[in-house]
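Subject: Handover of a structure and its findings

Dear colleague,

Please find the structure below, together with its sequence. I would be grateful if you would read the notes that follow with the model open beside them.

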Amino acid sequence: MPPSLATFLASQQHEPTVARLAPALQHIAGACIAIARAIRQAALTGSQGLAGSDNIQGEAQQKLDVISNELMIEAARRCPQIAALASEELDDIVQLNASTADSLLLLTDPLDGSSNLDIGMTVGSIFSLLPATAGSVTTASFLRPGHEQCCAGYALYGPATMLVFTTGSEVNGFTLDEARGEFLLTHPQLQIAPECSEFAINAANLRHWELPVQRYIAECQAGSAGPRGKDFNMRWVAAMVADVHRILLRGGVFLYPRDARQPPGAGKLRLLYEANPMALLIEAAGGAASNGSERLLDMNPERLHQRTGVVLGARNEVERLASYHLSH
Ligand code: AHG
Ligand code: MN
Ligand code: MN
């Protein structure tokens with residue numbers, strides 16, 4: 001029997017960061033189990049479809065976006081170490097518990113890939129923890145570069161419910177044992193190969209991409225007869241969690257590039273609760289993550305909900321695209 005999340009965390013207590021993070025991870029894992037259940041039952045409980053509201057980015061919220069957000073807030077509130085939370089579904093931060101020297105800040109995309117919900121496809125939750133700084137927590141407390149994250153991960157709601165996270169040095173994947181109601185370590189120490197022959201991008205946006213991205217994808221599509229000298233395969237789940245999960249398990253590169261749409265140069269994905277957590281995971285697994293040309297984890301955020309281009313996965317592919325940007 002593989003170790004449970006609780007056993008795994010207990011075995012890592014000698015690592016000061018893990019000792020500090022363990023209660024928060026257990027509470028987040030509990031929220032993810034509750035979200036998985038809400039998704040699985042949605043057609044039976046009337047929880048499919050639109051909530052009738054928009055989030056701050058003007059996206060129509062689904063009922064399950066709202067439910068998942070509430071489940072994540074409730075779980076975080078029950079964890080005394082989590083001082084405050086920022087979420088894709090909330091305009092502003094929420095204060096939860098008194099801030100002390102050991103406190104943490106939680107950033108979350110409580111439901112990623114919402115357009116997959118009502119068609120029975122895979123979705124996920126994304127989370128990131130920052131060490132709180134001394135004093136009162138404000139929005140500015142969350143505006144820190146991704147390399148300051150002390151933990152990041154996601155839950156995958158697919159054929160199995162999985163929890164995958166890093167505390168910086170390695171990436172471990174756990175599968176929910178439904179009978180026991182706990183996560184078991186099934187995918188220890190995930191690693192991403194530096195080379196790959198599979199890319200993920202929404203090709204419907206080709207006309208909006210910057211020229212280096214157009215060049216990169218055209219060369220992949222040219223296959224063995226083109227400059228890359230090999231055939232590539234393409235996949236697009238439309239839930240970044242699922243695309244990143246595939247890359248952690250069998251390699252590849254994922255792109256949601258900044259493009260010519262409004263606002264200029266922004267891309268679609270949000271830096272603080274989508275791009276940065278995935279970048280920490282991908283780097284911990286030996287891959288690379290950039291905004292196209294620069295390391296994502298070194299970007300200095302200016303706003304809670306700011307967007308960024310995202311290119312992550314196999315190190316050599318991420319570096320190749322950055323070199324196309326440089327030479328352009
Ligand atoms: P969210 O559901 O949290 O808004 O995120 C969806 C994101 C991301 O998960 C996915 O990769 C991308 O949007 C899909 O975008 P397209 O609709 O352009 O395929
Ligand atoms: Mn998302
Ligand atoms: Mn979301």
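What spacing do the donors of the manganese ion (ligand 3) follow along the chain? They follow the pattern E-x20-D-x1-L. Please bear in mind throughout that this is a predicted model.

The manganese ions

The protein donors of the manganese ion (ligand 3) are E88, D109 and L111. E88 contributes an OE atom, D109 an OD atom and L111 its O atom, at 2.2 to 2.6 Å from the ion. L111 has a relative accessibility of 1% and counts as buried, because buried means under 20% relative accessible area.

The manganese ion (ligand 2) has D109 (OD), D112 (OD) and E274 (OE) as its protein donors, which lie 1.8 to 2.2 Å from the ion. Along the sequence, these donor residues are spaced D-x2-D-x161-E. Two of them link distant parts of the chain: D112 belongs to strand β5 (residues 104-112), whereas E274 belongs to helix α8 (residues 271-284), 162 residues apart. D112 is buried, with a relative accessible area of 5%, and E274 is buried as well, at 1%.

Which residue coordinates both the manganese ion (ligand 3) and the manganese ion (ligand 2)? That residue is D109, and the two ions it bridges lie 3.8 Å apart. D109 is itself buried, with a relative accessible area of 0%.

The cavities

The structure also holds 2 cavities of 30 Å³ or more. The largest cavity has a volume of about 40 Å³. Its lining consists of L107, S128, L130, F142, R144, P145, G146, Q149, L272 and N276. Strand β6 (123-131) and helix α8 each supply at least two residues of this lining. Helix α8 is also the element that holds E274, a donor described above. By class, the lining of the largest cavity comprises 5 nonpolar, 4 polar and 1 charged residues.

The second largest cavity encloses about 30 Å³ of space. The residues that line this cavity are I201, N202, N205, W209, L255, Y256, P257 and D259. They divide into 5 nonpolar, 2 polar and 1 charged.

A suggested order of reading is to begin with D109, which bridges the two manganese ions, and then to turn to the lining of the largest cavity, where L272 and N276 are among the residues.

Yours sincerely,
A colleague

Methods: Residues are numbered from 1 along each chain as its sequence is written. Chains are lettered from A and ligands numbered from 1 in the order in which they are written. This is a predicted model: local features need pLDDT of at least 70, side-chain atom pairs count only at pLDDT 80 or more; totals for chains, interfaces and linings use all residues. Side-chain values use heavy atoms; hydrogens and water are left out. Donors are N, O and S atoms within 2.8 Å of the metal (3.2 Å for Na, K and Ca); water is not among the atoms, so sites may look incomplete. Helices (H or I, at least four residues) and strands (E, at least two) are DSSP runs, numbered from the N terminus. Buried means under 20% relative accessible area, exposed over 50%, partly exposed in between (1.4 Å probe, protein chains only). On a 1 Å grid over the protein atoms alone, a cavity is a set of points where a 1.4 Å probe fits but cannot get out, and a pocket is an open set with protein on both sides within 12 Å along at least five of seven lines; lining residues have an atom within 4 Å of a point. Grid points are joined across faces, edges and corners, and a volume is the space filled by probe spheres set on the points. Ala, Val, Leu, Ile, Met, Phe, Trp, Tyr, Cys and Pro count as nonpolar, Asp, Glu, Lys and Arg as charged, and the others, Gly among them, as polar.
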